[in-house]
Structures are given as C-alpha cells and as structure tokens.
Amino acid sequence: MRYPSYLLRLGLLACTSAQSLTTVLANNNATLSTLTTLLGLVPEVVQTLSAAQNVTIFAPSDPAFANLFARNPRSAELMRNPRALAGVLQYHVLVGKLLSTDFSATPKFPATLLAAPFANVTGGQKVQLALVNNTASVFSGYKQPASVVTADLEFDGNNVLHIIDTVLTVPASPGQTATNVGLTSLAGALASARLIGGIHSLRDITIFAPSNDAFRAIGSALGSIEATGLANILGYHVLTGTAWFSTDLLSADQMVLSTLQGPNVTVRRDGSNLFVNSAKVVLADVLTSNGVVHVLDTVLNPSNTTATPDPAATTQVPAFAGVSAVGDAPFTSGIMPTATFTPATKMKSTLPAPSAGFTARKNKILSDLAVPLDEYTDASPKGSVDIGIRDLIDEINAREGFVTTSSCAGRVSVYLEGHKPSSSASSSSKNNHHDEPETIVTSSAGGKGGGEWLFVSHDPVPFSGNYAELFGLGLARQTPPSGGDEVAGNKTEEKEEEEEYRLIRFKFEPMVCSEVPMLTRWQILHVLTASHEHAQLVIQAGMEAGFRETGAVSLLPKKPEEDPTPIVAVRSMGLSLESMVGMQDAAGNRWSLLGESSGYYLQQLVRTSHKLYAENQRRIARFRAALDRSLDFEAADVKKKKKKGEDWEDAETRRERKRLEGLQKREEVLRARQSQAAATGDAQPSGKDLMLAQPDVL
C-alpha cells in the first residue's frame with residue numbers, strides 16, 4: 001500500500017520512544033498551551049488520561065480554541081465550568097489507539113469517553129473518522145470537520161495524540177441538531193406533534209430526516225393535519241435500539257428495519273447511494289446526543305411502505321398521492337437556530353437563482369447607493385449611509401441573492417416628540433404618534449411624527465460636565481411650571497386642551513435601517529433576500545451573532561405569479577435603551593423630570609449607552625464573520641477580483657478616504673448651520689451640530 005507523502009512524514013513521529021502525556025504536552029506547548037491550561041482546571045481528567053491504556057487523544061491547537069472563542073464567546077465561559085469542560089475534553093478521547101494510517105476513505109465511528117449525561121449512546125458518544133482529500137479528518141456534532149495537523153505523538157500506555165485544527169463539537173439533541181443544520185421543518189414538526197421530549201429520551205436511535213424541500217413538496221397534505229396524524233408520519237422515520245451508520249446500511253443490498261411507528265422501512269443500496277423506501281439519503285451520519293441522523297429528499301409515508309426508488313432520477317417522487325408543493329417550508333414558524341452549522345458534506349441542493357423581480361429591486365437600491373457620498377440622502381437623522389456600516393453593506397450587496405441599505409451603525413440620540421394630534425384628527429394617519437409603526441411622518445425638523453432630533457451621535461458620546469447643554473436641552477427650570485401633579489396627568493380636561501407638553505427622550509439604538517421604515521425599531525439591519533433559502537442563511541448568522549430576535553417578513557409573494565423575496569430583520573431588543581429625560585411646553589420652555597438629579601442620571605445613561613455600543617459592535621463583527629462563513633465568502637477576495645485595476649483600493653485606503661469625505665461633509669454642514677444661526681442672531685451651535693463636527697471612528 002502506498003501512503004500519501006504527508007502520512008509518511010507524520011509517521012516518522014511514531015518511531016520515537018514513548019513518553020508521558022505531560023512530556024508530550026510540554027514539548028508542544030507552543031501549540032497546545034490553551035489545552036494545557038484547561039487540563040489544569042480538571043486534574044481528575046489528567047489523572048485518568050495519564051493512567052489510560054490504548055486511547056487516542058485529539059488535541060485542539062491554540063488557534064482552534066481561539067477560533068471557537070471568537071465565534072462563540074459563551075464557549076469561553078462554558079470552559080470555566082469544570083463539569084462541562086470535563087465533558088468536552090472526554091469527547092476528544094477515543095477508546096482504542098488509532099494512528100494516522102488507520103484513517104481511510106471508508107469512515108469509521110469509534111466511541112469516545114463521553115457518556116451520560118452528555119450522551120445517551122451505548123458504549124460512549126461517537127465521532128466519524130475519514131481520509132478526505134488525503135487529510136485525516138474528524139467529524140463531530142453537526143457534522144463539523146476537524147483536520148489532523150500533527151499526527152502520531154505516542155505516549156506511555158500504548159496511547160497516541162493527534163493535534164487538530166478545530167475543537168470538536170459535542171453532538172446535540174435531535175431537535176437542536178435539526179434546527180441548526182437547516183432541518184427546521186423537521187424541528188417544527190416534532191414540536192407540533194409533541195414528540196420532542198420522547199425522541200430526546202430514546203437511546204441509540206436512527207432518524208431518517210426529511211429536508212425542508214421534502215416537507216415543502218407535500219405541503220398541501222400538511223396544512224390541516226392533526227398532531228396524531230403528524231406523529232404517525234414522524235414515528236415512521238425513527239428506528240430505535242441501534243444507531244445505524246452509513247457503513248452499516250451499505251453492508252447489504254437490502255435491509256428491512258422496524259420503525260418506532262410499527263411498519264417496516266426498506267433500505268436499499270445502489271452503488272454508493274442509499275435509499276429508504278423511495279427516498280434518497282442526501283446527507284448521512286449527522287451525529288446527535290442519542291444516535292445518528294440521515295437526511296432524505298422526500299417524506300416517508302407509513303401508508304405506502306412498498307414505495308420504491310428511481311435511482312436515475314435527480315429527485316424522488318413524493319410517496320404521498322395527490323399532493324402539491326407549497327411556497328413556505330411547513331412548521332418553520334418560530335423555529336430559530338441558536339447557532340450556525342453548515343454540514344461538511346452539503347446536501348445536493350443549491351441556492352435558487354434570483355428572480356427578475358428581485359434583481360430589478362436590487363439594481364434600484366444599488367443605483368441609489370452608487371451616488372457620490374456627498375449627494376446621497378435618506379430619511380435618517382444623519383441623512384446618509386453611515387461610514388461605519390458601509391463596508392458591511394458593500395460585502396452583502398456583492399453577493400448574489402442579497403441586498404441591503406442602512407442609515408447608521410448605531411446611534412445615541414435625544415429626541416423631542418411631535419405635537420399630539422387634536423381629537424378631531426386622531427383618526428388621521430398623518431398625525432400618528434412617532435412610535436406607531438403604521439405610518440411614519442417626517443417633519444421639517446427632521447424627526448418622526450412632527451418631532452425633532454435635539455442630539456444625534458453615531459459614536460460613543462464623550463464624557464461631559466454638562467450633558468444638558470451637550471444634548472441641546474437648554475433647561476429653563478428644574479421643575480414643571482404648574483406642579484408635578486398636573487404633569488403626571490391629573491389636570492382637568494380644560495387645562496389639558498389649553499396646555500401641551502412634549503416628552504424628550506434619550507435613546508440608544510443599534511444599527512438601524514431605512515429600507516423598511518415600519519420595522520426600524522430595535523433593528524440593526526434589513527436584508528432583502530431572493531428566496532427562503534437565502535433568508536435562512538442570514539437568520540442563522542444573526543442568531544449566532546447574538547441577535548436573538550432576528551426574523552423574516554414578506555414570506556409570501558405579493559402576487560401568485562411572483563417568487564417570495566423575504567426581508568430578514570437582524571435585531572435584538574436587548575441592545576436598545578430609551579428613557580424620558582425632560583419635557584417641553586407649548587412656549588418652548590424645557591425642564592428635567594428629575595430636578596437636581598438630572599445631571600447624574602444623564603451621566604448614567606451615557607455610561608450605559610457606551611456598554612451597549614461596545615456590545616453592538618461585537619455582535620456586528622460576529623454577524624459579519626458568521627455570514628461570510630455561511631456563504632463561503634471572503635469579502636476582501638471578492639472585492640479584489642472585481643475591482644483590481646487602476647481604480648482599485650484596499651480596505652484600509654478605502655476606509656481612510658471615506659473617513660475624510662465624512663469629515664469634509666460634516667464640516668460643511670456645521671459651517672452652513674453656523675452661518676444660518678449667525679444670520680438669525682444666535683451663533684451658538686446645538687448639541688447635534690457639535691456631534692456632526694466629530695469624525696467617525698467606526
């Protein structure tokens with residue numbers, strides 16, 4: 001047998017004399033220092049490994065842990081929990097010694113030391129080992145791959161250690177696995193049939209999981225199905241008592257296996273392909289906490305157990321007679337991923353091509369964004385796309401099937417609400433309160449609903465000794481003119497008609513978008529997508545980044561002949577802050593709601609906004625990275641391919657040019673406002689003007 005050259009080089013390491021595990025770790029401390037530190041937190045695990053016989057350790061490198069902590073900051077906190085840390089480390093230890101030469105194109109599924117309560121698999125949780133493109137690879141939960149970068153470091157007890165480039169993912173429950181690998185119809189169906197708890201409690205199970213497209217293909221039969229009928233269908237997709245991996249199912253031309261529901265399924269082999277009744281396995285061996293999942297291209301029918309496949313067909317015919325497909329994947333409402341995981345072996349489906357209607361809308365948006373920076377305007381307080389978010393917008397818009405535009409990357413503002421509508425006009429949409437989503441009215445003062453922005457900053461607010469002056473409040477007094485009771489709402493109806501008080505609010509809002517005005521509250525970004533499949537990728541990236549309220553609207557087409565173009569709203573209400581800080585009467589006099597305590601209170605609001613601002617930036621960075629990973633897209637490389645030439649500029653040069661352009665525009669705006677103020681006899685700039693003169697730092 002002839003081995004790849006990399007295996008011959010790595011195999012030389014096996015010729016060295018055995019040594020202790022501690023020595024191996026010390027000799028490779030430059031690569032394994034994080035692992036060594038973590039092992040120090042669980043001495044009982046070190047003791048077990050030091051005394052072990054015939055085990056294989058997969059040791060994540062320092063970059064592997066760094067990537068994990070950057071992708072999921074909560075994992076670093078999890079590692080400080082000794083019980084959880086011990087479970088993660090145990091999943092990296094195999095029962096039995098396996099050298100690099102034991103990896104082959106035919107996968108193996110050895111057991112690890114991980115057992116209950118983290119796994120419900122006889123003999124310990126499994127990993128998948130295979131030689132992929134001449135690289136020794138390990139597949140863990142969500143079918144996430146890790147590559148061996150240094151192999152065959154043997155130590156005392158006939159044991160071996162391999163250094164890998166990715167921390168292994170402990171397999172999750174069937175429901176969570178389905179949700180996070182894109183099988184959201186199955187996850188929703190299990191919940192609708194009230195089977196989540198029952199399926200999770202089973203030991204050693206095999207699930208034949210229909211894809212979202214498979215559920216969509218029989219959608220007409222699922223619209224009014226009852227929980228019992230749905231449970232019967234799903235139970236026909238579950239085998240109990242044995243986790244049947246692909247190597248087991250491929251061991252015979254045909255196998256008849258009993259299901260949880262009762263009727264048998266027939267597994268057939270056609271070359272390297274597997275079929276279950278008439279359904280084709282399009283993705284095999286996705287590990288779960290209690291077994292394994294194989295993804296199917298059609299839904300199995302317990303009333304049609306004799307269905308047979310057409311191996312030559314690209315997609316199998318549904319096993320349900322008289323059904324028709326639907327536009328939306330069934331049972332997906334409210335099913336949101338908690339992380340983004342793209343299986344290493346992707347399903348044999350691709351993102352659909354954008355429709356002509358979507359392409360026309362995208363071209364219009366890109367045309368609007370293509371105008372020179374000093375000429376572009378929108379309805380935001382700043383009036384233009386914020387420099388701090390423009391690079392992310394460009395990266396999204398460079399990808400086929402996605403388009404977005406945004407007004408800012410996050411802002412702090414002080415806002416004077418609009419005039420209250422009179423009773424005779426209360427039903428008019430033109431006088432809706434500025435927080436009502438049905439209609440947004442832009443006043444000449446630049447605010448919504450007739451209001452006015454007294455202060456706006458897209459950067460962290462600088463500390464000040466007088467926030468009232470900085471925010472343009474110009475407080476005339478510390479108490480309301482007619483006593484607190486009247487302001488609190490105890491006035492007579494006659495006085496309420498005579499006097500009007502307008503609230504002044506301090507706000508922090510994450511990155512908001514002007515493309516869909518009625519959805520801007522609590523949003524950071526809107527992305528118009530070409531299909532449900534495109535939308536799902538953005539939703540997954542948003543959820544992974546920490547924007548837990550991310551969701552989609554416009555799931556159905558406006559006209560039957562059109563394709564749906566969902567709008568994904570990436571958002572998190574937890575990052576927003578709003579507080580009343582003052583009032584203004586009809587004469588224009590303003591005062592604080594907190595009297596002498598207002599200075600301290602405003603200072604605390606600013607401090608809180610700084611923390612929210614920093615978290616907002618971290619989440620934006622995580623969203624950007626997650627979206628790039630899910631799209632297999634590196635924005636810098638795409639830009640270079642598209643723009644190389646005399647006019648091409650790298651990211652750093654572009655950022656500096658945009659910063660200088662922004663400074664120039666702000667200076668021009670400030671000079672214009674100062675000239676206008678001087679002409680009217682008031683040359684003092686407002687708090688908003690002062691902030692417009694500051695450079696962008698994002």
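A cavity is a set of grid points where a 1.4 Å probe fits but cannot get out. The model used in these exercises is predicted.

**Exercise 1. Count the cavities of 30 Å³ or more and give the volume of the largest cavity.**

Solution.
- Step 1: search the whole structure. That search finds 5 cavities of 30 Å³ or more.
- Step 2: take the largest cavity. Its volume is about 120 Å³.

**Exercise 2. Describe the lining of the largest cavity by residue, element and class.**

Solution.
- Step 1: list the lining. The largest cavity has 15 lining residues. Nearest its centre lie Leu 35, Leu 39, Ile 57, Phe 58 and Leu 89.
- Step 2: assign elements. Two or more lining residues come from each of helix 2 (21–27), helix 3 (29–39), strand 1 (55–60) and helix 7 (82–90). Strand 1 gives the largest share, 4 residues.
- Step 3: sort by class. The lining of the largest cavity holds 14 nonpolar residues, 1 polar residue and no charged residues.

**Exercise 3. Do the same for the second largest cavity: volume, residues, elements and class.**

Solution.
- Step 1: give the volume. The second largest cavity holds about 100 Å³ of space.
- Step 2: list the lining. This cavity is lined by 15 residues. Closest to its centre are Pro 174, Leu 186, Leu 190, Ile 207 and Ala 209.
- Step 3: assign elements. At least two lining residues come from each of helix 8 (174–180), helix 9 (184–192) and strand 7 (205–210).
- Step 4: sort by class. The lining of the second largest cavity has 12 nonpolar, 3 polar and no charged residues.

Key. Residues numbered from 1 in each chain as written. Predicted model: local features only at pLDDT ≥ 70, side-chain atom pairs only at ≥ 80, totals over all residues. Heavy atoms only, no water. 1 Å grid on protein atoms, 1.4 Å probe; cavity = no way out; pocket = protein on both sides within 12 Å on 5 of 7 lines; lining within 4 Å. Points joined across faces, edges and corners; volume = space filled by probe spheres on them. Nonpolar A, V, L, I, M, F, W, Y, C, P; charged D, E, K, R; others polar.
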